[in-house]
Amino acid sequence: KVSGEKVYERWCAPCHAAGPGHPGTQSLEAKYGGKTPAVITERTDLTPQIVTTFVRQGVLMMAPFRKTEISDAELAALSAYVARNFRKP
């Protein structure tokens, strides 16, 4: 079984982990100004569908990831992992 956490650690954490030196986190800190968590694994507003869209299409400065980089099975596991804290408003 594919581990969403392992996919996150391999492909997402270098830009989106907590702490300095993570450009995705720093960009989201600037964008949200503390109103929304900048660390994507702490977010409660991300659905698996939006994570899938962002990964495949890219968003803002984030480049898209091809199926040769993150397979569909890996993306499904990753999206479920990142969106695990989702709460309907």
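Here is a chat about a predicted model of a protein and the reasons behind some of the words used for it.

Me: What makes this protein as compact as a globular protein of its length?
Reply: Start with what it's built from: four helices and zero strands, running α-α-α-α from the N terminus on. Its radius of gyration is 12 Å, and the globule rule gives 12 Å for 89 residues, so the protein counts as being as compact as a globular protein of that length. If you'd like to picture the dimensions, the C-alpha trace spans about 35 × 30 × 20 Å along its principal axes.

Me: How much of the protein is buried, and what is its surface made of?
Reply: Buried residues make up 34% of the 89 residues. The accessible surface comes to about 5800 Å², and 58% of that belongs to carbon and sulfur atoms.

Me: Which residues have the most contacts inside the largest nonpolar core?
Reply: They are Y8, I40, V55, I70, L78 and V82, in a core of 17 residues. Helix 1 (4-16), helix 3 (48-57) and helix 4 (72-82) each supply at least two residues of this core. Take I70 from that list: leaving out residues up to four places away in sequence, I70 touches V7, W11, V55, R56, F65, L75 and L78.

Me: Why is V51 called buried?
Reply: The cut-off for buried is under 20% relative accessible area. V51 has 8%, so it passes. This residue lies in helix 3, and apart from its neighbours within four places in sequence, V51 is in contact with L46, S79 and V82. The C-alpha atoms of V51 and L78 are separated by 8.3 Å, with their positions 27 residues apart along the chain.

Me: And why is K6 called exposed?
Reply: Exposed needs over 50%, and K6 has a relative accessible area of 63%, so that's the word for it. K6 is in helix 1. Its C-alpha atom is 9.6 Å from that of Y81, although the two are 75 residues apart along the chain.

Me: What share of the contacts joins residues that are 24 or more positions apart?
Reply: Such pairs account for 46% of the contacts with a separation of 6 or more.

Me: How do you know that the buried residues of helix 2 are on the same side?
Reply: In helix 2 (residues 23-32), the buried ones are G24, T25 and L28. They cover an arc of only 95° around the axis, so they sit on the same side of helix 2. The general idea is that an α-helix has 3.6 residues a turn, so residues three or four places apart point the same way. As for what lies over these buried residues, the cover includes helix 1.

Me: What comes after helix 2?
Reply: G33 follows, with a positive phi near 55°. Further on, T41 sits in the loop between helix 2 and helix 3.

Me: What makes T41 buried, and what does it touch?
Reply: Its relative accessible area is 15%, and the limit is under 20%, so T41 counts as buried. Not counting residues up to four places away in sequence, T41 touches Y8, Y81, R84 and N85.

Me: Why is the phi of L60 worth a remark?
Reply: Most residues other than glycine have a negative phi. L60 is not a glycine, yet its phi is positive, about 50°. L60 is in the loop between helix 3 and helix 4. With 63% relative accessible area against a cut-off of over 50%, L60 is exposed.

Me: How do you know that C12 and C15 are not bonded to each other?
Reply: To count as a disulfide, two cysteine sulfur atoms must be within 2.5 Å. The sulfur of C12 is 8.8 Å from the closest cysteine sulfur, which is in C15, so that's too far for a bond. C15 is in no disulfide either, and the count of disulfides comes to zero.

Me: Are C12 and C15 buried, exposed or something in between: which word goes with which?
Reply: C12 has a relative accessible area of 10%, which puts it under the 20% limit, so it is buried. C15 has 35%, between the 20% and 50% cut-offs, so C15 counts as partly exposed.

Notes:
Residues numbered from 1 in each chain as written. Predicted model: local features only at pLDDT ≥ 70, side-chain atom pairs only at ≥ 80, totals over all residues. Heavy atoms only, no water. Core = buried A, V, L, I, M, F, W, Y, C linked by side-chain atoms within 4.5 Å. Buried < 20%, exposed > 50% of the residue type's maximum accessible area, 1.4 Å probe, protein only. Contact = heavy atoms within 4.5 Å. Arc of directions from axis to C-beta. Rg over C-alpha atoms; globule rule 2.2 N^0.38 Å. Areas by Shrake-Rupley, 256 points an atom, 1.4 Å probe, with all protein chains shown as cover.
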